[in-house]
Amino acid sequence: MVCSALRRVAHMHVYLVRKASSVSKGHHHHHQALGSRPAASEFAARGAPGSVVELLGKSYPQDDYSNLSQKVLSRVGRNLHNQQHHPLWLIKERVKEHFYKQYVGRFGTPMFSVYDDLSPVVTTWQNFDSLLIPPDHPSRKKGDNYYLNGNHMLRAHTSAHQWDLLHAGLDAFLVVGDVYRRDQIDSQHYPVFHQLEGVRLFSKHELFAGIKDGESLQLFEQSSRSAYKQETHTMEATKLIEFDLKQTLIRLVTHIFGDAGAQDRIGWAFGLGLERLAMILYDIPDIRLFWSEDERFLKQFRVSDINQKVKFQPLSKYPAVINDISFWLPSENYTENDFYDLVRTVGGDLVEKVDLIDKFEHPKTHKTSHCYRITYRHMERTLSQREVRHIHQAVQEAAVQLLGVEGRF
């Protein structure tokens with residue numbers, strides 16, 4: 001059970017932390033309806049020069065990197081992971097409890113400190129460069145991230161805070177927060193989701209203390225480092241760290257599911273998607289439900305003990321309304337994530353999923369046509385065809401106006 005649960009947590013990523021200035025990191029590639037038709041302004045600053053976006057009490061000048069939609073902006077500051085009795089809060093509290101009990105320092109105090117209210121606005125340096133992600137790496141693409149401008153963005157992972165926390169002198173901590181990625185639309189993906197990240201560093205003494213002849217073992221091989229490549233760790237150090245990380249994760253998953261760069265130090269880090277854990281643990285079928293304010297959803301998680309078993313009782317499944325949209329793509333600067341973002345902004349959480357069902361290239365003009373199937377479904381009531389037609393027309397108009405497509409409506 002433990003191993004299968006570990007495998008099913010699809011957002012889990014595992015990597016080694018080596019030096020404070022060189023935290024190695026794998027790229028994660030692949031988290032309300034509008035009453036009236038949206039104006040172009042609903043898409044927020046698509047980079048109108050001279051304009052400014054206000055967010056969490058600060059002002060950010062817009063430039064041609066800016067691509068934040070109002071839909072996503074409205075989610076910033078909601079902090080579902082800190083909302084008492086929300087399912088994401090329950091998961092966070094259970095992980096915290098586990099680390100506080102299992103890992104105790106020399107003086108009986110918790111070894112791991114917890115940071116769950118760090119601002120989701122970070123610099124591009126924090127999000128990428130501090131993790132040694134090179135300037136030309138595909139994970140920096142505008143199509144995959146939400147940029148306030150060329151220098152600031154909504155964090156794509158909680159790892160954006162690792163460098164700062166390590167340089168503050170911390171060697172064991174958990175970071176929990178909302179993260180933002182432009183992505184496909186289905187029951188498992190949402191442009192905002194929540195991550196919990198754990199980091200632990202070991203000095204040479206801590207790592208080799210219990211090993212025979214440990215004082216003769218080294219953390220690093222004799223090798224050199226550059227801006228994008230650090231020294232190589234010895235096989236002994238790497239194997240011990242891998243074992244410690246594996247034991248840590250197995251203990252954590254068993255607790256939750258039941259029997260289910262730092263100078264001269266080495267360490268591990270892991271990241272978990274809280275939505276993925278909650279969907280498995282509580283049988284929540286659709287990621288949009290986490291944003292629901294419906295009492296029928298929220299009251300199911302008001303438990304007196306955070307470890308109490310909860311099995312989500314679905315709100316009745318209301319019928320879907322399906323509409324297709326076809327258009328010729330502009331000659332350049334079109335990405336599928338731009339279209340998904342636009343559909344999210346217009347249709348809000350009424351959009352259950354969007355599938356690209358057909359691609360066609362015209363033999364003479366060489367223009368490319370895409371056909372998308374949009375599934376609309378309200379989580380709490382039945383949608384009327386008239387209501388959906390109104391929204392779908394708004395999607396068509398916005399696609400022409402904002403993405404420069406040529407409609408085949």
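Which residue follows H10, and what is the sign of its phi? I started my notebook with that one, keeping in mind that the model is predicted. I found Gly-348 right after H10, with a positive phi near 55°.

**The sheet**

Next I looked up the strands around this spot. I saw an open sheet of 4 strands, ordered E12-E13-E11-E14, with antiparallel pairing. Its edges are strand E12 (351-361) and strand E14 (406-407), and each of these pairs on one side only.

I then followed one pair in detail. Strand E11 (residues 321-328) runs antiparallel to strand E13 (residues 368-376), and 8 bridges join the two. If you would like a place to look, find Ser-326, which stands opposite Cys-371 in E13.

**The helices on the sheet**

I noted that helix H10 (residues 336-347) packs on the sheet and touches E11, E12 and E13. Its direction makes about 145° with that of E12. Helix H11 (residues 385-403) packs on the sheet too, touching E11, E13 and E14, and its direction makes about 20° with that of E11.

**Back to H10**

I checked the length of H10. At 1.5 Å a residue, its 12 residues should span 16 Å, and its end C-alpha atoms are 16 Å apart, so the two agree.

Why call H10 largely enclosed by the rest of the structure? I found that 11 of its 12 residues are buried, so the description fits. Among the buried ones are Phe-339, Tyr-340, Leu-342 and Val-343. Charged residues are on the list as well, including Asp-338 and Arg-344. My last entry is on their partners: the buried residues of H10 pack against helix H2 (70-73), E11, E12, E13 and H11.

Key: Residues numbered from 1 in each chain as written. Predicted model: local features only at pLDDT ≥ 70, side-chain atom pairs only at ≥ 80, totals over all residues. Heavy atoms only, no water. Pairing = 2+ DSSP bridges. Contact = heavy atoms within 4.5 Å. Axes fitted to C-alpha atoms, helices over the stretch in contact; angles between N-to-C directions. Expected span 1.5 Å × (residues − 1). Buried < 20%, exposed > 50% of the residue type's maximum accessible area, 1.4 Å probe, protein only.
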